[in-house]
Amino acid sequence: MKLSDLVTMNFEIIAVIQRLEIPYGFKDKTIATVCKENNIEVNSFLHLAQWFNDRDYFPQEQLIQQSPTWLITYLRNTHKCYLNYQIPRIEKEIEQLENYSDLPDRSAQLMIQFFKEYIKEFALHIEEEEIKTFPYTIDLTATLAGKMPIETFHKKYKGYSIDWYMENHNDLDEKVYDLQSLLLKHIPPLSSNCQFSNLLLELYRLGKDLRDHTLLEDNVLIPIVQQKEKELYVKFKGL
Ligand SMILES: [Fe+2]
Ligand SMILES: [Fe+2]
């Protein structure tokens, strides 16, 4: 099947293409060819595409079987989009609320403050994953493959395990829904509501996407790493 046909069938797959770093301009190439050219496991791509087509289908078992490399690339590129594009856009739109003359006093500032606090929390969450969890996963995989000495690995990640991440990993989507609900319920009828409706839709999309993101981290990344930790323990018992 041609990749362009798959995208035409469901445009949401554009997100998978961006996150797996598949360059645009794929002409009439098949999915298999594009994946091969870009070093992507075709099965990972197809499972993700199927999930995007049918939200009730979450291919947890199949995704756990794949190498974690694609998953880290996918999650990192998702982080980049949130931080460099989606969040700043929403922030700008929330700041625009101050220009709405029909809003009750201070409500715009309160929303802005709420979102600024959320951005701080969001950035810390992502930083933890980028600085600790993802490098840990990559180095754990390298150590198992004999590409990193076990001593170096132990020294670098002394006391760290994926259980720590699992216990401290929180949902990022809840506050987005809180904000969405505050805006929806408490903003009075506006004389012009096009921009405001767009803000609500952006928040809805972000919340939905964050839920998928957390689902991948909790249900694919964590089990992969737990399995690799077990393998490492068996392989280097006593070291
Ligand atoms: Fe993340
Ligand atoms: Fe996360």
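Which residues of the largest nonpolar core touch the most other members? In this predicted model, they are Leu20, Ile31, Phe45 and Leu71, out of 26 residues in that core. The protein chain is assigned two stretches, domain 1 (1-62) and domain 2 (67-235), and the core takes at least three residues from each of them.

**The largest core**
- Seven helices put in at least two residues each: H1 (3-9), H3 (31-37), H4 (42-53), H6 (68-96), H7 (107-144), H9 (162-168) and H11 (194-235).
- Helix H6 gives the largest share, with 5 residues.
- Both domains have a stake here, since domain 1 (1-62) and domain 2 (67-235) each supply at least three of the core's residues.

**A look at Ile31**
- Leave out residues up to four places away in sequence, and Ile31 touches Met1, Leu3, Leu6, Val42 and Phe45.
- Phe45, one of those partners, is also on the list of core residues that touch the most other members, as is Ile31 itself.

**A second core**
- Apart from the largest core there's another one, made of 12 residues.
- Its members include Ile90, Leu97, Leu179 and Leu206.

**How the domains meet**
- Going by C-alpha atoms, the centres of domain 1 and domain 2 sit 22 Å apart.
- Where the two touch, 9 residues of domain 1 are in contact with 9 residues of domain 2.
- The domain 1 side of that contact is an even mix by class: 3 nonpolar, 3 polar and 3 charged residues.

Notes. Residues are numbered from 1 along each chain as its sequence is written. Chains are lettered from A and ligands numbered from 1 in the order in which they are written. This is a predicted model: local features need pLDDT of at least 70, side-chain atom pairs count only at pLDDT 80 or more; totals for chains, interfaces and linings use all residues. A nonpolar core is a set of buried Ala, Val, Leu, Ile, Met, Phe, Trp, Tyr and Cys residues joined through C-beta atoms within 7 Å. A residue is buried if 20 or more other C-beta atoms lie within 10 Å of its own, exposed if 12 or fewer, and partly exposed in between; C-beta atoms are placed from the backbone. Helices (H or I, at least four residues) and strands (E, at least two) are DSSP runs, numbered from the N terminus. Domain bounds come from an automatic or database domain assignment. Two residues are in contact if their C-beta atoms, placed from the backbone, lie within 7 Å. Ala, Val, Leu, Ile, Met, Phe, Trp, Tyr, Cys and Pro count as nonpolar, Asp, Glu, Lys and Arg as charged, and the others, Gly among them, as polar.
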